[in-house]
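Visitor: I'd like to walk through a structure with you, starting from the overall fold and then zooming in. Can you take my questions one by one?

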Amino acid sequence: MNIPYKPKFRLESLHERHTGLTVSLSGTFCEAASVCLSRHHESPINMDIESNGVTNTHSVEFPKPDSRILNAWANDIDTTEDGAYGVSLAAVEVEEKLIAVRRAETLTGADWYVAPIGTDPDDLESCFRLEVSGVDRGGRSVVNARLQQKIIQTRRGASNLPAIASVVGFKEKTVAIQKVSDEK
């Protein structure tokens, strides 16, 4: 089901809203996302965010990277991974009202702990594990296939916290977000 356009979501200044991010990390994620999006699009774009079966379209603005930024982000794999962090965190903020409160430990099956806006960042009991991935090319089927891989990864994680999987399709202009149950 596709729901009409909603306001933009913000890639910049994530650290102002996400207590688990520093200024530097926030800037890194925004810069990487801008490089990934500019490979295929010019700002602004409309991006579809499908969260648990409901799709909303949001406007996204990003700065055009100059040659220095492009040179700094010449590794496609690292750029896509860091760009996906920025876009996914902004997407779960606007769609799920969740913010990053800290980085997840190795083997938890996730990248971040996210919690409802206003939650004490030291209280992991109210957190979800967020597993993030990005794909630079390919259509919706590629995004959906990666989402299924990430769902499996979160189920295998060494944590009893609930999980969310998120995959950003940069060329497709889409983010797929799915809450993960323990059921196979």
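What follows is a short chat about this predicted model.

Visitor: In what order do the elements of the protein run from the N terminus on?
Guide: Start with the inventory: the protein has 4 helices and 8 strands. Read from the N terminus on, they come as β-α-β-β-α-α-β-β-β-α-β-β.

Visitor: What radius of gyration does the protein have, and what would a compact globule have?
Guide: For scale, the C-alpha atoms fill a box of roughly 45 × 35 × 30 Å along the principal axes. With 184 residues, a compact globule would come out near 16 Å, so the protein agrees with that rule at 15 Å.

Visitor: What share of the contacts with a separation of 6 or more comes from residues 24 or more positions apart?
Guide: Some background on packing: 48% of the 184 residues count as buried. Among contacts with a separation of 6 or more, the share from residues 24 or more positions apart is 62%.

Visitor: How far apart are the mean positions of the positive and negative charges?
Guide: The protein exposes about 9100 Å², with carbon and sulfur atoms supplying 49% of that. As for charges, there are 21 positive and 26 negative ones, and their mean positions are separated by 4 Å.

Visitor: Which residues make up the uncovered face of strand 2?
Guide: In a regular strand, side chains alternate between the two faces of the sheet. Strand 2 covers residues 45-51, and Ile-45, Met-47, Ile-49 and Ser-51 sit on its covered face. That leaves, for the uncovered face, Asn-46, Asp-48 and Glu-50.

Visitor: Which residue in the turn between strand 2 and strand 3 has a positive phi?
Guide: Strand 2 and strand 3 (residues 54-60) run antiparallel, joined by 7 bridges, and Asp-48 stands opposite Thr-57. The two strands form a hairpin with 2 residues between them, and the one with a positive phi, about 55°, is Asn-52.

Visitor: What is the bridge partner of Ser-51 in strand 8?
Guide: Strand 2 also pairs with strand 8 (residues 174-180), in the parallel sense and over 4 bridges. There, the bridge partner of Ser-51 is Ile-177.

Visitor: Does Leu-70 count as buried, exposed or partly exposed, and why?
Guide: Leu-70 is found in helix 2, residues 67-72, and touches Val-35 and Pro-65, leaving aside residues up to four places away in sequence. Buried needs under 20% relative accessible area and exposed needs over 50%. Leu-70 has 41% relative accessibility, so the verdict is partly exposed.

Note on methods: Residues numbered from 1 in each chain as written. Predicted model: local features only at pLDDT ≥ 70, side-chain atom pairs only at ≥ 80, totals over all residues. Heavy atoms only, no water. Rg over C-alpha atoms; globule rule 2.2 N^0.38 Å. Buried < 20%, exposed > 50% of the residue type's maximum accessible area, 1.4 Å probe, protein only. Contact = heavy atoms within 4.5 Å. Areas by Shrake-Rupley, 256 points an atom, 1.4 Å probe, with all protein chains shown as cover. Lys, Arg positive; Asp, Glu negative; His and termini not counted. Charge placed at Lys NZ, Arg CZ, Asp CG, Glu CD. Pairing = 2+ DSSP bridges.
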